Amino acid sequence: MAAEPGRITHTHDSAGGGAVAALLGAMLSTYVGAAIAKYLFPLVGSQGVTAMRVGLAACLLLGWFRPWRTPLPRSALPDLLVYGLMLGCMNLMIYGAFARIPIGIAVAIEVTGPLMVVLAGSRRVTDFAWLACAVLGLWLLLPLHAHGGGLDPAGMLLAAGAALCWAMYIVFGKRVSTLQGGQAVGWGMLAAALFTVPVGVLHAGTALLAPGVLAAGLGVALLSSALPYSLEMIALRRLPRRVFGTLVSASPAVSALAGWLVLGEQLTTIQWLAITMIIAASAGAAATA
């Protein structure tokens, strides 16, 4: 018997709505966790916090999904390794940026990575207009003129590096998102931990083992890695790249709000204007892709 068209549409709408909710929840969780993590920087540095975030999240995800129960296709291994490496590098760089500049500004720079994914290979005039909008927004943030607000150049460079890693994370995350049993998230986070944990241990040493630091690190791992990356994988599997990119464009606003609520980070009018321009460029490029 043929299925009812209305019922099929309702099912797809529900799946799409669930994927959108998953992605929005991932962003909110990520940046609230990042704002909390910033309190730990004076104790173990951004590298130490990254090591705890990624290492503890890997343990949580492996224990929850137990991806070894499903055979891993050998052909997926290279993409999975690159996905994990980009995940680890992205975490190290963006936390390094958070330690030097406000969270909202760091994420505004970082979100240009997904924008580049959307614009890659485009030759349309409208896409060049979106790119110009993003470039102008970035220019307003540069510490080369009176409007730059004295932002740390090293922090901005680290955020730019995180943007490149985020672009690669989306490309390779889409490739491995079809893996079953939580393999992509579990094995990908383990690969990221094998890279980031030694860096954090070399920087912070035994300070990472302090009970209070470990407890706070576990909370950060849950909020900023385990929960959001699981939700993002749901969204990557169900949403077209265009829709994913449009929604991700809201990240700078969400992160700036989290930085203000948790840390009291105040942005200037020019900085808010720059963030708004980057959001508009990202959303516009993704929506018209």
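This section describes the overall fold, the aromatic pairs, the salt bridges and selected surface positions of a predicted model.

The chain contains 12 helices and 0 strands. Read along the sequence, the elements accordingly follow the pattern α-α-α-α-α-α-α-α-α-α-α-α. The C-alpha trace spans about 70 × 50 × 35 Å along its principal axes. The radius of gyration of the chain is 19 Å, which agrees with the value near 19 Å for a compact globule with 289 residues. Of the 289 residues in the chain, 50% are buried. Among contacts with a separation of 6 or more, 88% are made by residues 24 or more positions apart. The exposed area of the chain is about 13,100 Å², and carbon and sulfur atoms supply 72% of this area.

Aromatic contacts were examined next. The structure holds 3 aromatic pairs. Tyr83 and Tyr169 form one of these pairs, with the ring centres 5.2 Å apart and an angle of 20° between the planes, and the arrangement is stacked. This pair links distant parts of the chain, given that Tyr83 lies in helix 3 (residues 77-98) and Tyr169 in helix 7 (residues 153-176), 86 residues apart. Both Tyr83 and Tyr169 are buried. In the pair formed by Tyr95 and Phe98, the ring centres are 5.7 Å apart and the planes meet at 40°, so this pair is tilted. An angle of 40° is neither under 30 degrees, as required for a stacked pair, nor over 60, as required for an edge-to-face pair. Tyr95 and Phe98 both belong to helix 3, where they are 3 residues apart and therefore separated by about one helical turn. Tyr95 is buried, as is Phe98. Ring pairs also bring in Phe41, which is linked with Tyr95 and Phe98 into a cluster.

Charged side chains provide a further set of contacts. The structure holds 3 salt bridges. In one of them, the side chains of Glu265 and Lys38 meet at an N to O distance of 2.6 Å. This salt bridge links distant parts of the chain: Glu265 is placed in the loop between helix 11 and helix 12, whereas Lys38 is placed in the loop between helix 1 (5-37) and helix 2 (41-65), and the two residues are 227 residues apart. Glu265 and Lys38 are both buried. A salt bridge is also formed by the side chains of Asp79 and Arg175, with an N to O distance of 3.4 Å. Here, too, distant parts of the chain are linked, with Asp79 in helix 3 and Arg175 in helix 7, 96 residues apart. Helix 3 and helix 7 are thus connected both by the stacked rings of Tyr83 and Tyr169 and by the salt bridge between Asp79 and Arg175. Arg175 has a relative accessibility of 49% and therefore counts as partly exposed. The side chains of Arg124 and Asp127 meet in a salt bridge as well, at 3.1 Å from N to O. The two partners differ in their exposure: Arg124 counts as partly exposed because its relative accessibility is 37%, whereas Asp127, at 6%, counts as buried.

Several positions were also characterised at the surface and in the loops. Leu60, Leu218 and Leu222 make a nonpolar surface patch of about 220 Å². Of these residues, Leu218 is located in helix 9 (residues 211-238). The relative accessibility of Leu218 is 37%, and this residue therefore counts as partly exposed. Gly264 lies in the loop between helix 11 (251-263) and helix 12 (269-287). With a relative accessible area of 41%, Gly264 is partly exposed. The C-alpha atom of Gly264 is separated by 25 Å from that of Met90, and these residues are 174 residues apart along the chain. Val32 is found in helix 1. Val32 counts as partly exposed because its relative accessibility is 27%, a value between the limits of 20% for buried and 50% for exposed residues. The C-alpha atoms of Val32 and Ala280 are separated by 23 Å, with the two residues 248 residues apart along the chain.

How values were computed:
Residues numbered from 1 in each chain as written. Predicted model: local features only at pLDDT ≥ 70, side-chain atom pairs only at ≥ 80, totals over all residues. Heavy atoms only, no water. Patch = residues over 30% accessible without salt bridge, like charges linked within 9 Å, V, L, I, M, F, W, Y side chains within 5 Å. Areas by Shrake-Rupley, 256 points an atom, 1.4 Å probe, with all protein chains shown as cover. Salt bridge = Lys/Arg side-chain N within 4 Å of Asp/Glu carboxyl O. Helix = DSSP H or I, 4+ residues; strand = E, 2+ residues; numbered from the N terminus. Buried < 20%, exposed > 50% of the residue type's maximum accessible area, 1.4 Å probe, protein only. Rg over C-alpha atoms; globule rule 2.2 N^0.38 Å. Contact = heavy atoms within 4.5 Å. Phe/Tyr/Trp six-rings, centres within 6.5 Å; stacked < 30°, edge-to-face > 60°.
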